[in-house]
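Please read this note with the sequence and the model open beside you. It is meant for someone new to reading structures.

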Amino acid sequence: MTAKGIRQIQKQAALYVARLYSGELSEPEEAAIIAWCKASPYHQLEYQKALAIWDNSSALPRFSEQTPRRQRIKAVLAVAACTLLAATLSISYLHSSTKPKPDSALINPLQRQYQTVIGQVSTVTLPDGSELTLNTATTVRIDFTGKERQVWLQSGEAFFDVAKDPERPFSINTGMQTIRVLGTQFNVRKSADSIQVAVTEGIVSVHNNAKTAANNAPWQDAYLPAGSVAAFSDSSKVVSNNQPFKANSAQSWRTGIFRFDDESLANVVAEFNRYRHQKLVIEDPQAADLKISGVFHLKDGDSLINALKATLPIKVDHKNGQYRIYLDRNS
């Protein structure tokens, strides 16, 4: 592969990624990107590099809804192409023998996956302008086309700030349920056997992917307006409306703050363990039912441990990478 050929591939990859993030990708363009990436391992490699550069770039423009549509598209394409080309052209190829290996398991190049590790919180801007904030140990996959915007929440928790686009429905599939929206803000948390949804703006509908409930009755979609909090399993649902404080508290993790109001020690420990490598373990079952209230910071795990020892009749030992909690029967 010549240097000129590589530059041409880099340029095309940059233009494709810029078009993808313009929010105006048409079906023919979508098909063209997929075919182009499948045509050569060089195409695949440069397309993935261009995507990575976009994700890490802070030089791309942001617009309000009042900015004319044509102006937004034109500026995004121009700035993105220049940014991506400047970065990709700085990469040197030592020999033509560095040809990338073909990926026989190539997925749709319009799909993306985002992931956080334990203790990490990350915000990404999606191709349509929506913002997605991932909580600790979360994995999502997105697939945006000219007809629809699909997200798969594979594990963890995420806050969605969805850009309005009536012509392209936005949906989140958690496996058990599918959440559908147009433009709204809401939090979704996926546990082993249930999901929790808290809506702070707009309205969402939640559809159970099972055909019938536990009693063989047909499932009815749940509609959640702003201020709603709800929990869904594969056989039941619990919905509470007019709970704006709870709906906002459900996504307070985005600011690194946790608020507990007369919560059991077992629940508090379980929540904090999601963000810690060194886990807290309740060794005494009687200690699990103790109640605690307070506001704690995510990045200051020691403050929780100190607060527990100061306010509850417990003892805490640190051994083998774990904090073990016992009821202090002498208190």
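The points below take up strand pairing and then salt bridges in this predicted model.

1. Start with strand E5, residues 149-161, and strand E8, residues 185-190. These two strands run antiparallel and are joined by six bridges. To find the pairing on screen, look for Phe 160, which stands opposite Phe 186 in E8.

2. E8 also pairs with strand E9, residues 195-201. This pairing is antiparallel as well, with six bridges. Here Asn 187 has Ala 198 in E9 as its bridge partner. The connection from E8 to E9 is a hairpin of four residues. When following the side chains here, keep a general rule in mind: in a regular strand they alternate between the two faces of the sheet.

3. How many salt bridges does a search of the whole structure find? The search gives seven. As background, side chains of opposite charge can pair when their charged atoms come close.

4. One of the seven salt bridges links Asp 128 and Arg 149, with the closest N and O atoms 2.4 Å apart. Asp 128 sits in the loop between strand E2 (122-125) and strand E3 (131-134), while Arg 149 belongs to strand E5, so the pair ties together parts that are 21 residues apart in sequence. Are the two residues buried or exposed? Asp 128 is buried, with a relative accessible area of 14%. Arg 149 is also buried, at 0% relative accessibility.

5. Strand E5 takes part in another salt bridge through Glu 157, whose partner is Arg 274. The closest N and O atoms of this pair are 3.0 Å apart. Arg 274 is in the loop between helix H6 (265-273) and strand E15 (280-282), and Glu 157 is in E5, so the contact ties together parts that are 117 residues apart in sequence. Arg 274 and Glu 157 are both buried.

6. A further salt bridge is formed by the side chains of Arg 168 and Asp 165, at 3.1 Å from N to O. Arg 168 has a relative accessible area of 9% and is buried. Asp 165, at 19%, is buried too; the value counts as buried because the cut-off is under 20%.

7. Which residues are joined into one network by salt bridges that share partners? They are Glu 157, Arg 189, Glu 271 and Arg 274. Glu 157 and Arg 274 are the pair described in point 5, with their closest N and O atoms 3.0 Å apart.

Notes: Residues are numbered from 1 along each chain as its sequence is written. This is a predicted model: local features need pLDDT of at least 70, side-chain atom pairs count only at pLDDT 80 or more; totals for chains, interfaces and linings use all residues. Side-chain values use heavy atoms; hydrogens and water are left out. Two strands pair if DSSP finds at least two bridges between them. A salt bridge is a side-chain nitrogen of Lys or Arg within 4 Å of a carboxyl oxygen of Asp or Glu. Buried means under 20% relative accessible area, exposed over 50%, partly exposed in between (1.4 Å probe, protein chains only).
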